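Subject: A structure for you to look at

Hello,

I am handing over the structure we talked about, and below it I have written out what was found. Please keep it open beside this message while you read.

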Amino acid sequence: MNKQTSEFDPRLKHVWRPYTQMQTEPTPLMAVETCGAQIKLSDGRWLIDGISSWWTACHGYNHEAIIAAMHKQLDDMPHVMFGGMTHEPALKLAARLTQILPGSGTENALQHIFFSDSGSVAIEVALKMAIQFWHNLGAPSRTRFVAFQNAYHGDTTGAMAICDPDEGMHSLFKGAIPEQIIIELPETADQMAAFEKLLMGGQRELAAVILEPLLQAAGGMKFHSPETLAAIANCCAKNNVLFIVDEIATGFGRTGTLFASEQANIMPDIMCIGKALTGGCIGMAATAASERVFSAFLSNDVDVAFMHGPTYMANPLAATAANASLDLFENGERLQQVDRIENTLSEELEPCRKIPGIKDVRVMGAVGVVQMTSPRDIDWLRQRFTEENVWIRPFGDVVYLMPSFIINKDELTALTRAVVRVMTEWSNRQKQDQEQI
Ligand SMILES: *Cc1c(COP(=O)(O)O)cnc(C)c1O
């Protein structure tokens with residue numbers, strides 16, 4: 001039995017866990033409490049969290065301002081349906097988001113917010129919006145999407161179809177999902193010319209291009225430049241193909257600006273946000289549409305309306321958490337904290353570059369990535385990190401840190417030290433394995 005858990009809990013067999021081979025995967029850790037940048041386990045240990053619960057807990061856990069706002073909302077109205085009704089938390093949140101999204105104040109800004117309950121659904125909404133946009137404009141054949149290698153946009157079937165087909169986890173669904181066009185991210189002049197040609201030739205069938213701006217996260221923690229992002233956006237605009245940005249991972253400060261799109265000064269037609277939207281307290285996501293996209297759905301004809309509506313859409317408790325989170329971005333010093341994290345990560349992960357078997361070390365905002373030459377011993381790595389009292393979950397060929405922005409210097413250094421130490425051990429292990437062959 002795994003030595004990280006003290007007892008086998010028979011109820012465990014009833015919980016089917018994410019991305020998990022249930023026959024062989026070690027017993028999960030039992031979390032009992034969270035606070036700041038740490039998670040307490042049932043055995044009394046506190047782990048320093050290096051990945052802020054899948055990049056959601058940007059203000060740390062149990063932030064008192066968010067908790068207090070949610071407590072109050074919980075007493076007043078935990079939920080009410082959004083069809084035919086609205087409520088203060090959603091109205092306030094939508095209006096505030098439109099003020100801070102990229103391009104705010106310009107004529108075609110992202111002025112219209114469609115709420116949903118998870119990132120994948122926000123993506124489905126964006127895809128449906130793009131398809132129906134063209135349909136409403138009398139171009140019903142425009143139903144296909146261009147996405148990029150190393151992309152990750154979620155786990156629902158529509159979203160899967162625009163994920164990287166090889167690197168991603170969805171290749172086994174090939175044939176069962178709509179086939180989309182997945183190309184190399186156009187970074188060189190040749191690639192950009194090919195991309196432009198694709199868009200020019202795709203006027204009859206293409207609905208939109210979709211990209212995670214600056215950081216392709218779950219598809220391998222790959223970075224690209226603001227210039228590449230700007231060139232893709234311009235190419236879409238020039239060729240009249242919609243441009244969707246997926247800021248579910250990058251939104252709310254993660255890359256050093258409130259939204260990654262700001263660094264390229266672009267304004268997408270549709271934008272998805274999620275993950276850190278509620279400060280990591282409760283599920284919520286949103287799809288924002290530009291004036292041009294939204295107005296294509298206005299008509300006296302009901303069939304032209306957008307046909308989507310999650311049951312828990314715009315949940316008041318979640319909208320309240322999101323409003324409290326936005327307050328913290330407004331009043332606080334989150335972006336300065338991200339700058340400080342960036343500096344620390346750059347400095348303290350640097351020694352990894354010299355470790356044999358490490359291919360690359362890269363940092364952007366509060367994202368630090370150590371890439372291995374080959375993905376080996378991932379389970380061993382995960383176990384070693386928890387033994388070091390840090391919560392770091394390598395996947396594919398990367399070990400990465402995406403901590404909460406309120407993490408203190410000592411905690412952050414404990415994380416980077418653990419990475420350097422464990423990756424050094426890992427490297428020695430690879431060497432021994434090779435000598436044995
Ligand atoms: C996590 C993520 C999603 C999916 O969000 P869920 O809330 O897990 O459905 C989509 N796009 C990106 C970029 C993500 O990081």
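Please bear in mind throughout that this is a predicted model. A good place to begin is Arg 142, whose charged end sits over the ring of Trp 134, at 3.7 Å from the centre of that ring. There is a second arrangement of this kind, in which the charged end of Arg 362 sits over the ring of Phe 223, with 5.6 Å to the ring centre.

Rings also meet other rings here, and the structure holds nine aromatic pairs. A pair of aromatic rings is described by the distance of the centres and the angle of the planes. In one of the pairs, the rings of Trp 55 and Tyr 400 have centres 6.1 Å apart and planes at 85°, and because an angle over 60 degrees counts as edge-to-face, this pair is edge-to-face. It joins distant parts of the chain, since Trp 55 belongs to helix α1 (residues 52–55) while Tyr 400 belongs to strand β16 (residues 398–401), and the two are 345 residues apart.

Are these two residues buried or exposed? Trp 55 has a relative accessible area of 6%, and Tyr 400 has a relative accessibility of 2%; the limit for buried is under 20%, so Trp 55 is buried and Tyr 400 is buried as well. Tyr 400 also forms an edge-to-face aromatic pair with Phe 395, with 5.6 Å from centre to centre and 75° between the planes. Through such ring pairs, Trp 55, Phe 395 and Tyr 400 are linked into a cluster.

Turning to the chain as a whole, the domain assignment gives domain 1, made of 3–63 + 331–436, and domain 2, which covers 67–327. The centres of the two domains, taken over C-alpha atoms, are separated by 28 Å. Where they meet, 29 residues of domain 1 are in contact with 27 residues of domain 2, and the area buried between them is about 2,300 Å², with carbon and sulfur atoms giving 64% of it. Trp 55 appears again at this point, for together with Tyr 19 and Met 364 it supplies 29% of the area that domain 1 buries against domain 2, which is more than any other three residues supply. As for salt bridges between domain 1 and domain 2, the count is zero.

Best wishes

Conventions:
Residues numbered from 1 in each chain as written. Predicted model: local features only at pLDDT ≥ 70, side-chain atom pairs only at ≥ 80, totals over all residues. Heavy atoms only, no water. Phe/Tyr/Trp six-rings, centres within 6.5 Å; stacked < 30°, edge-to-face > 60°. Helix = DSSP H or I, 4+ residues; strand = E, 2+ residues; numbered from the N terminus. Buried < 20%, exposed > 50% of the residue type's maximum accessible area, 1.4 Å probe, protein only. Lys NZ or Arg CZ within 6 Å of the ring centre and 35° of its normal. Domains from an automatic or database assignment. Contact = heavy atoms within 4.5 Å. Buried area = accessible area lost by both parts, 1.4 Å probe. Salt bridge = Lys/Arg side-chain N within 4 Å of Asp/Glu carboxyl O.
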